[in-house]
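Colleague: Pick one part of this model and take me through it closely, please.

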There are 2 protein chains.
Amino acid sequence: MNFVNKPHKKDWIQYTQRPIINQTKLLGQVNKIFKDIQHHGDKALKKYSKLYDHLNIENFKISNNQLKNAYKSLNTPLIHAIQQAKCNIEKFHLAQIEKKNIIETTAGVTCWRESRAIDNVGFYIPGGTAPLFSTILMLGIPAQIANCKQIILCTPPNSSGTINPIILYTAHVVGIKNVFAIGGMQAIGAMTFGTESIPKVDKIFGPGNQYVTAAKQLALNYGVAIDMPAGPSELLIIADDTANPDFIAADLLSQAEHGPDSQVILVSNHKNIISQTMKSISQQLKNLPRYAIAENALKNSRALYLSSIEDCIEFSNLYAPEHLILALKNHRQHANNITNAGSVFLGNYSCESAGDYASGPNHTLPTNGFARNYSGVSLDSFVKKITFQNLTRAGLKNISKSIEMMAEAEQLMAHKNAVSIRLKK
Amino acid sequence: MNFVNKPHKKDWIQYTQRPIINQTKLLGQVNKIFKDIQHHGDKALKKYSKLYDHLNIENFKISNNQLKNAYKSLNTPLIHAIQQAKCNIEKFHLAQIEKKNIIETTAGVTCWRESRAIDNVGFYIPGGTAPLFSTILMLGIPAQIANCKQIILCTPPNSSGTINPIILYTAHVVGIKNVFAIGGMQAIGAMTFGTESIPKVDKIFGPGNQYVTAAKQLALNYGVAIDMPAGPSELLIIADDTANPDFIAADLLSQAEHGPDSQVILVSNHKNIISQTMKSISQQLKNLPRYAIAENALKNSRALYLSSIEDCIEFSNLYAPEHLILALKNHRQHANNITNAGSVFLGNYSCESAGDYASGPNHTLPTNGFARNYSGVSLDSFVKKITFQNLTRAGLKNISKSIEMMAEAEQLMAHKNAVSIRLKK
């Protein structure tokens, strides 16, 4: 972790830089695979499963029995943990259901919004070093609340061609019936175009490596929506002298262990807090199984000593972190000044891993500075909000002059006629 | 308009096709211009203004005086019309402010969402055949309600290098202080990278031709968000025997006059209604100033005779229209079955042009079938919804076992430690 001592404000921007990821250069390669899948369907998928995963897969779909029986491979405390997390995530996302609010903007002119589910959604869950079943809860629960008609899940099989039962159990728990053993760019391509065995979807959700991220970016060009642009995970902590350096160190490490390209930032107006945290990181790091990954991530990471908490918050808003912990005495008050962040954790007992798993809010959040212009996943991500309006004849009359005047000024006379013809008699 | 007589359901999909627009082939050309703007700023902008608009522009920014005095060129009834529209659009979008809703998911675990404005937003308003000042209301009003820090507007100057005063007046009315006389791909490039005179923005909104649309698509790759992918405007009307053919014809023409690539669709379970509407279209068309444009759009357009209103609705959901008029007796009831649409107009007096200008809901809506997976512009488009959580020590304890179990199952031990270390003492 690199210590930065009271940098000038004009130099702050360089300390907000992320490790550079250039997906654009992958787009050509991904597009070739996409074209192949578009034209050859399952045949192409089988080819890429063999090429990239060294597997001969005959049937991508996981059977209903496998989904139903997956629980048998899990221990009871883990099942209870998943149930508690599900319950909290459900409570939080149920509260996001928008009530119909009918507005009469002018007498006789009533307007409102209603939410409708996106019919077909597809989730990508990476395999790799750890089975990220928690993301299935974070995507599946709001999709069920939204009432999406079809939810499918693609995830890469392991070297023996099977899928971790905890992935299957979690999919089953949130009511996903269509799970496919396929990973990487080819999974995203399959969901973009549809093949004989994998349905085309309207929106793709979920994390992935740089190839998956590039493929999601490309899917946009083919009319499929995506949850948000992605980048490596990140955490920023603002700490004052009421913070506990051991807690902060544990949080920074919990983020650093995600991947070697993760980034963690500590910002404080107390030098002591920074130095004690650095010491604690060294001690805690030694005992981590994912020691090497975390150590690499710490190389991309920074501890900034700034003059005041106000400056710390200003820096944080400039950085726009995915996760932000306010280890501050007056955290509620300071929270009002946070303008750019994915999710904010207040006080000394709100650790990021609570939000990663079980407190309720979604953990699919904007990274790489996208917290400036994107929200995290929520119930909103699974619906369209359609506007409705109903005008009576009197209502139309009440605004008719305005419509006619404006249509005429935009030189759109047929727009004007549509009003005039209704009020002629 | 092409008449289609009771097509088989399996053939419906071909009648949902839009005129094909391929922006992808423009991306290379746009990217060249983007790179030039990224590296040469205003100098590049001046070059492209000369090349494409044949104008030597020294200063892109419109002065404050020009904005303030624009009203002098407008007549009073038009000013009143804009004021009434503004008032209704404000009422509708103010109702979209989300109230803070604090949820205690487990005792001691409180979570909520808060909206924060996207700091910097940029609008593109096309010049061309008609000055689309109404779009400035539709974008500027929610941006002001959201409290965006900086709102800029780019619009192409006319051949004499000036901007229509109605554009300037409307910008002034919604409080936009930074208006720039620049159009096309180069305007989108300027807002994507920022130049000496035009600031970089976080999100770009507004309509445009295929070049502007391709440029917005490309801006996404450079980390700028956009309102939604765009395509030509479209309207679908579902009519039963209570509909008025003259009204429907006027509505279809109001959509058709937008551009030669616009599309209008009439769907009915009454052949009479279709034939009478076709007749009325022929009569009304003759008197339109934008006759040629509307006539061309009608060539892309269809009237489908189907067996029942239920079938009409099913077809409409498959088409996913930007605008949908339900000219039906029981429109409220049928509205419940609409799943894919940008904005819905109920009954015989809710003409599309009411919503285009003055009823209140936003007119920036998903086209080209994107109503399947995107919402129209609303207050939500100008904010991020940030999640917050606050756990007491007891709260963390109440969910600690679940977090620890799940972290361990995902092989993320530092995630587990962040909880354990807090509860150790």
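**The sheet in chain B**

Modeller: Let's start with one pair: V121(B) has K203(B), in β7(B), as its bridge partner. That's in a predicted model, mind you, with ipTM 0.97 and pTM 0.97. Strands here are DSSP E runs of at least two residues, helices are H or I runs of at least four, and both are numbered from the N terminus.

Now zoom out a little. β4 of chain B covers residues 120–124, β7 of chain B covers 203–205, and three bridges join the two, which run parallel. Pairing takes at least two DSSP bridges between two strands. Follow the pairing across chain B and you get an open sheet of five strands, ordered β6-β5-β4-β7-β8, with parallel pairing. At its edges sit β6 (178–181) and β8 (225–226) of chain B, each paired on one side only. In general, the strands of a sheet pair through backbone hydrogen bonds.

Then there's a helix to add: α6 of chain B, residues 184–193, lies across β4, β5 (150–155) and β7 of chain B. Contact here means heavy atoms within 4.5 Å. α6(B) runs at about 180° to β4(B), with axes fitted to C-alpha atoms (for helices, over the stretch in contact) and angles from 0 to 180 degrees between N-to-C directions.

As for the bookkeeping, residues count from 1 along each chain as its sequence is written, chains are lettered from A and ligands numbered from 1 in the order written. Local features need pLDDT (the predictor's confidence in each residue, 0 to 100) of at least 70, side-chain atom pairs need 80 or more, totals for chains, interfaces and linings use all residues, and side-chain values use heavy atoms, without hydrogens and water.
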